[in-house]
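Here's a quick tour for anyone opening this one for the first time. Have a look at the sequence and the structure, and then we'll start with a pair of residues.

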2 protein chains.
Amino acid sequence: MRTGEKVLDRAAATCILTLCFVCLHVTALKSQLFTRLGGLPYSTEPPVSYKTFYFDQKIDHFGFLEDGTFKQRYLLSDKYWQQPGGPILFYTGNEGDITWFCNNTGFMWEIAEELGAMLVFAEHRYYGESLPFGQDSYSDSKHLNYLTSEQALADFAVLIQNLKGTLPGAQHSPVIAVGGSYGGMLSAWFRMKYPHVVVGALASSAPIWQFPGMVPCGDFYKTVTQDFAKSGINCDANIRKSWKAVNNVSSSASGLQWLSEEFSLCAPLKNKNDVLTFKSWLQETWVNLAMVDYPYEANFLQPLPRWPIQVVCKYLSFDSTVSDYQLLQGVAQAAKVYYNYTGSSPCLNTSQTATSSLGYLGWFYQACTEMVMPMCTDGVQDMFEPEEWNFQAFSDECKAMFGIRPRADWAGTVYGGKEISSHSNIIFSNGGLDPWSSGGVTSNISHSLVSIMIPDGAHHLDLRYSNDLDPPSVRAARALEVKYFQEWIKKAKKAHRAAPTG
Amino acid sequence: MRTGEKVLDRAAATCILTLCFVCLHVTALKSQLFTRLGGLPYSTEPPVSYKTFYFDQKIDHFGFLEDGTFKQRYLLSDKYWQQPGGPILFYTGNEGDITWFCNNTGFMWEIAEELGAMLVFAEHRYYGESLPFGQDSYSDSKHLNYLTSEQALADFAVLIQNLKGTLPGAQHSPVIAVGGSYGGMLSAWFRMKYPHVVVGALASSAPIWQFPGMVPCGDFYKTVTQDFAKSGINCDANIRKSWKAVNNVSSSASGLQWLSEEFSLCAPLKNKNDVLTFKSWLQETWVNLAMVDYPYEANFLQPLPRWPIQVVCKYLSFDSTVSDYQLLQGVAQAAKVYYNYTGSSPCLNTSQTATSSLGYLGWFYQACTEMVMPMCTDGVQDMFEPEEWNFQAFSDECKAMFGIRPRADWAGTVYGGKEISSHSNIIFSNGGLDPWSSGGVTSNISHSLVSIMIPDGAHHLDLRYSNDLDPPSVRAARALEVKYFQEWIKKAKKAHRAAPTG
């Protein structure tokens with residue numbers, strides 16, 4: 001641990017999907033990130049058609065003093081729904097604008113007709129438009145107090161019970177939870193905690209074990225490194241060398257200027273703190289690339305070419321004789337693959353690494369409370385500067401930022417950690433390229449808690465629209481997922497027919 | 001619904017174990033009941049030996065703003081514990097002083113040696129000594145905000161994980177939850193929500209379905225009535241007639257005085273409101289008798305003879321020619337069986353019906369928030385004055401008393417209502433004489449969600465010490481319960497041995 005800011009980087013490392021390694025002072029971070037909330041989504045995928053609704057949710061499901069409500073947004077498509085009793089695929093929204101997840105979960109849109117299913121995408125409280133206290137939702141820890149996964153799960157349960165009670169033909173519809181990343185954790189936990197509400201869950205790329213004491217803290221970055229190692233000659237080795245090169249070059253004012261120009265930074269580097277921010281931003285860039293290393297041109301976190309890491313690595317194939325400046329020129333080119341593939345970025349902004357559809361500040365708060373996900377690097381098995389996991393420093397940073405402290409063991413206590421074998425009907429799908437697979441369930445737990453591995457897949461590739469360039473493994477995964485869905489639906493309908501009260 | 005006070009009676013009717021039909025003005029009730037908290041327990045059963053501990057629990061498990069802790073009391077006996085790995089029987093404390101439940105749960109003490117089990121009795125927050133804000137815990141709705149079943153379950157989970165992490169030899173001990181009445185509901189819900197913490201649960205006399213829309217609201221009082229009907233000739237008919245007799249006699253000042261003297265009331269009846277209180281108190285008396293209609297002399301809610309309803313009914317066997325005054329003389333004698341069996345009560349107090357070890361005010365709050373248990377009477381299928389269930393009036397009364405409103409559907413949403421078949425390893429035992437069996441699980445749901453009926457049993461008779469006068473049905477129930485416990489323990493140990501990490 002080098003600085004307080006650096007500690008926060010590790011907090012950022014727990015960002016699902018985005019891994020925002022922004023190196024900023026706490027207050028700056030807070031105000032800046034807040035402006036990102038409510039950003040407009042974008043999609044390069046086929047347009048989808050849904051209706052938008054708002055449901056009155058209790059702000060606090062677990063206490064009765066706060067009796068206010070807020071409008072939870074949800075999107076609904078019943079185009080292919082076979083009522084009465086057709087299934088409902090329910091996306092358990094994660095840390096961002098639900099329309100963005102809706103547009104990026106083509107899998108649900110593609111299987112709706114086959115299953116005769118209604119689609120519902122429910123927004124997670126405190127993200128997108130579902131703000132419990134409007135513009136004050138992030139104003140302080142008092143207003144943030146209801147941003148927890150337990151409250152979100154309760155929102156989902158109440159919403160589904162309301163839909164089933166009010167939509168004609170939905171009363172006996174089996175509901176299946178679907179989610180990716182943090183949304184996948186939610187879908188798994190939803191089945192665990194509310195098995196009477198959902199008959200099963202698809203938890204795609206859901207690192208439900210990325211919590212203290214469950215998996216080695218270094219596995220995440222090892223996977224990132226492996227992705228680069230296999231995508232080009234010397235690629236990981238050159239990134240491993242680049243940190244020292246940055247340190248060397250940035251030790252002089254002229255070096256700082258050179259770096260700023262070479263990377264086309266919007267704000268030139270001025271001091272050591274800026275350099276820390278810069279390195280964290282680079283680190284996050286590599287992590288994000290590992291997450292979205294898809295086999296086709298796509299726009300998830302950023303618009304990118306197919307197999308983007310291979311493209312990046314073309315700029316990083318130097319042999320050992322390369323100079324610091326040459327190496328960093330390559331790194332700059334590589335970074336621009338990620339940040340300027342379309343050629344439309346006039347400059348690179350080290351405080352932004354991905355889509356504005358994600359709610360960074362909200363996730364920071366969640367990482368600072370329940371979602372304590374230890375991360376560490378050693379510079380040997382991974383290509384990053386060594387950094388131990390330091391819970392106390394992390395906790396102090398959370399205290400400074402939000403006035404609260406994380407509870408390291410709570411997620412394990414409430415969601416069961418590795419002791420989940422008594423549950424049923426959950427598919428855990430993971431991509432072999434995805435660093436988050438390090439905290440995922442990657443082998444079968446029982447006949448109904450199953451793992452589906454997609455060796456050539458990055459972050460929740462299975463949830464995306466199908467593509468001609470999809471590897472066979474993801475096609476097989478999707479087919480198997482649909483098979484499980486059909487089985488659950490069939491069993492639920494059979495149980496319903498057998499029930500004494502129609 | 002006749003009066004606001006009367007509405008509160010129905011709130012009181014949802015008291016587990018105690019059914020306190022006290023007819024008092026809200027503020028009087030509040031202050032009076034508070035003084036009952038912390039009352040000393042008593043026991044007529046064999047003395048038990050345990051150590052008392054206090055564990056630092058978070059006041060709020062579901063939010064991070066309130067980071068304070070309180071001392072949760074728990075009692076522990078390891079006399080028969082076979083460590084390492086011997087099982088732990090964990091009593092999920094209900095709405096009262098945990099020492100009282102400990103002393104009245106002889107079953108656990110009697111099977112500890114056979115199972116080589118440690119016994120733990122955990123006190124429920126806001127009861128006994130486990131007050132989150134000390135003497136301020138009941139001061140207002142702000143301080144009461146953390147009195148919920150979800151928080152209590154989280155307390156139990158955190159406590160168990162701490163015990164397993166700190167007690168040498170407990171790390172791999174299978175834990176079984178045991179509870180009666182509301183404590184039984186908690187033990188069932190605990191297994192449902194935290195199956196990674198407890199391998200199974202015995203939910204004795206747990207009315208987990210006594211919630212809106214799950215069972216007919218009149219069944220509870222029908223069972224009470226049946227108990228009286230089969231315990232003596234004309235017994236239920238005379239009680240049914242008695243309400244009108246009270247109305248008739250109390251219509252004059254002299255009648256009020258006669259009633260007060262005949263019933264040896266501590267505070268003479270003065271007006272119509274007092275008469276309403278008086279009738280509610282009588283109604284609660286009959287209900288309590290139905291709950292504790294044990295086959296041997298016992299002291300649970302009150303010191304009582306064996307089969308107390310039979311003794312009571314001896315005073316209520318009049319034929320149809322009886323006068324109002326004669327009838328009420330019989331009722332007074334009957335009431336004194338309940339209130340003055342030992343002959344030590346100088347007068348009868350219409351604001352108290354049972355042990356002071358129960359936390360009445362806390363349960364009122366819980367009934368006014370989550371534990372919404374509809375009750376109604378029709379005077380035909382039961383022996384009480386007709387009274388419909390009126391949620392709105394009940395809600396208004398809760399608002400007036402605590403400043404909060406109940407959420408009628410929440411318990412069903414969070415705990416699954418009748419849709420619990422995906423869970424496992426829960427025994428639901430119920431007594432045929434117990435009115436709370438109306439809201440209980442009285443037939444098997446699956447091979448591992450089983451019902452055990454005890455036709456001759458009152459409220460959680462199976463949890464009490466064995467007695468020579470026990471009917472065969474409760475002996476068989478206990479034997480079967482132990483058999484299930486042994487099965488769960490065996491399976492847990494087998495699973496542990498099979499696990500890759502010892």
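Let's begin inside chain A, where A:R73 and A:D97 are both buried (buried means under 20% relative accessible area, exposed over 50%, and partly exposed in between, with a 1.4 Å probe and protein chains only). Keep in mind that this is a predicted model, in which local features need pLDDT of at least 70, side-chain atom pairs count only at pLDDT 80 or more, and totals for chains, interfaces and linings use all residues. Residues are numbered from 1 along each chain as its sequence is written, chains are lettered from A and ligands numbered from 1 in the order in which they are written, and side-chain values use heavy atoms, with hydrogens and water left out.

**Salt bridges inside chain A**

- A:R73 and A:D97 form a salt bridge, with their closest N and O atoms 3.2 Å apart; the term stands for a side-chain nitrogen of Lys or Arg within 4 Å of a carboxyl oxygen of Asp or Glu.
- A:R73 sits in strand β2 of chain A and A:D97 in the loop between β3 and α3 (98-103), so this pair ties together parts that are 24 residues apart in sequence. Helices (H or I, at least four residues) and strands (E, at least two) are DSSP runs, numbered from the N terminus.
- A:R73 also has a salt bridge with A:E129, again with the closest N and O atoms at 3.2 Å.
- That second pair links distant parts of the chain, 56 residues apart: A:E129 belongs to the loop between β4 (118-122) and α5 of chain A, and A:R73 to strand β2.
- How do the two partners differ in accessibility? A:E129 is partly exposed at 42%, while A:R73 is buried at 5%.
- Put together, A:R73, A:D97, A:E123 and A:E129 make up a network of salt bridges.
- Elsewhere in chain A, A:R478 and A:D470 meet in a salt bridge at 2.9 Å, N to O. A:R478 has 8% relative accessibility and counts as buried, and A:D470 is buried too, at 5%.
- Over all chains, a search of the whole structure turns up 22 salt bridges.

**Where the two chains meet**

- Chain A brings 40 residues to the contact and chain B brings 39, with contact meaning heavy atoms within 4.5 Å.
- Between them, the chains bury about 3,300 Å², and 59% of that is on carbon and sulfur atoms. Buried area is the accessible area (1.4 Å probe) that two parts lose on being put together, summed over both.
- A:F62, A:F64 and A:R407 supply 27% of the area that chain A buries against chain B, more than any other three residues.
- How many salt bridges run between chain A and chain B? The count is two, and B:D67 with A:R407 forms a salt bridge whose closest N and O atoms are 3.0 Å apart.
- On chain A's side, α5 (149-166), α6 (182-193) and α15 (410-415) each supply at least two residues that touch chain B. Of these, α5(A) gives the most, with six residues.

**Unusual backbone spots**

- Most residues other than glycine have a negative phi, and most peptide bonds are trans.
- In chain A, a cis peptide bond with omega about 0° joins A:Q83 and A:P84, and A:P84 is in the loop between β2 (69-77) and β3 (88-92).
- In chain B, B:Q83 and B:P84 are joined by a cis peptide bond, with omega about 0°; B:P84 is in the loop between β2 (69-77) and β3 (88-92) of that chain.
- B:S205 has a positive phi near 45° and lies in the loop between β6 (200-204) and α7 (219-229) of chain B. Its relative accessible area is 1%, so B:S205 is buried.
- B:S264 has a positive phi near 50° and lies in the loop between α9 (253-262) and α10 (272-291) of chain B. With 24% relative accessibility, B:S264 is partly exposed.

**Helix α14 of chain B**

- The 12 residues of this helix (391-402) should span 16 Å at 1.5 Å a residue, and the end C-alpha atoms are indeed 16 Å apart. The expected span is 1.5 Å times one less than the number of residues.
- Its buried residues include B:F394, B:C398 and B:F402.
- Just after α14(B), B:G403 takes a positive phi of about 80°.
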